[in-house]
Amino acid sequence: MRKWILIGIGIVIVIFSSYVIFSDEFSNIKLIQVQKIDRDSGVFSEEIVTLDSDEIKIFTEILKNAKKEKDVFYDMKNGGDYKIDVRYENDTVDGFIAWNNEGRNVFLLRGSENETFSIEDENQAKEFLELLK
């Protein structure tokens, strides 16, 4: 009896681990739309659309490595530095607002899911900001 319980627990752990390892919430991205926001006036720049699969892959890898928090609410002083819309192949859209906290991190707020992403690695933050330009 004890043997079957341990086998059952082992199977559950393997299934859960596989789900965590292989799930990718940012898969099947078709394009990324970016607009820079002027902090003083709140005016959006012209939209830049990224269709390049290599840039999309870098974008998703950086977000997967970012520190993520769920069910959080922030009230920021300014409206952010970038507005990012991620369009998936099934035509759903995720919207992000990004803040460049120079020298510290890049902070992203995903309003639809009440999630935040903090890119704290300096090299990844620089690479992420380069993608947005």
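This tour moves through one structure in four stops, with a selection to make at each.

The model is predicted, so local features are reported only at pLDDT of at least 70 and side-chain atom pairs only at pLDDT 80 or more, whereas totals for chains, interfaces and linings use all residues. Residues are numbered from 1 along each chain as its sequence is written, and side-chain values use heavy atoms, with hydrogens and water left out.

**Stop 1: strand 6 and its partners**

Select residues 105–110, which form strand 6; strands (E, at least two residues) and helices (H or I, at least four) are DSSP runs numbered from the N terminus. Six of the six residues in strand 6 are buried, where buried means under 20% relative accessible area, exposed over 50% and partly exposed in between (1.4 Å probe, protein chains only). Asn105, Phe107 and Leu109 point one way from the strand, and Val106, Leu108 and Arg110 point the other way.

Next, add strand 5 (residues 93–101), which runs antiparallel to strand 6 and is joined to it by five bridges; two strands pair if DSSP finds at least two bridges between them. Asn101 stands opposite Asn105. Three residues separate the two strands in this hairpin, and Gly103 in the turn has a positive phi of about 85 degrees.

On adding strand 7 (residues 115–119), one finds that five bridges also join strand 6 to strand 7, again antiparallel. This hairpin has four residues between the strands, and Asn114 takes a positive phi near 50 degrees.

**Stop 2: Thr116**

Centre the view on Thr116 in strand 7, which stands opposite Leu109. Is Thr116 buried or exposed? Thr116 counts as buried, at 1% relative accessibility. Beyond its neighbours within four places in sequence, Thr116 is in contact (heavy atoms within 4.5 Å) with Lys67, Lys68, Glu69, Val72, Tyr74, Phe107, Leu108 and Leu109.

**Stop 3: salt bridges**

Show the charged side chains. Side chains of opposite charge can pair when their charged atoms come close. A salt bridge is a side-chain nitrogen of Lys or Arg within 4 Å of a carboxyl oxygen of Asp or Glu, and the whole structure holds eight.

Select Lys30 and Asp91, whose side chains meet in a salt bridge at 2.8 Å, N to O. Lys30 lies in strand 1 and Asp91 in the loop between strand 4 (82–88) and strand 5, so the pair ties together parts that are 61 residues apart in sequence. Lys30 is partly exposed at 35% relative accessible area, and Asp91 is partly exposed at 47%.

Then select Lys70 and Glu115, which form a salt bridge at 2.9 Å, N to O. Lys70 lies in strand 3 (residues 67–70) and Glu115 in strand 7, so parts 45 residues apart in sequence are tied together. Lys70 is exposed, at 51%, while Glu115 counts as buried, at 1%.

Add Arg110, whose side chain also meets that of Glu115, at 2.6 Å, N to O. Both Arg110 and Glu115 are buried. Salt bridges that share partners join Lys68, Lys70, Asp94, Arg110 and Glu115 into one network.

**Stop 4: the lining of a cavity**

Finally, select Ile32, Val34, Thr50, Glu55, Ile56, Phe59, Leu131 and Leu132, which line the largest cavity. Helix 2 (53–65), strand 1 (29–36) and helix 3 (122–132) each supply at least two residues of this lining, and helix 2 gives the largest share, three residues.

Notes:
On a 1 Å grid over the protein atoms alone, a cavity is a set of points where a 1.4 Å probe fits but cannot get out, and a pocket is an open set with protein on both sides within 12 Å along at least five of seven lines; lining residues have an atom within 4 Å of a point.
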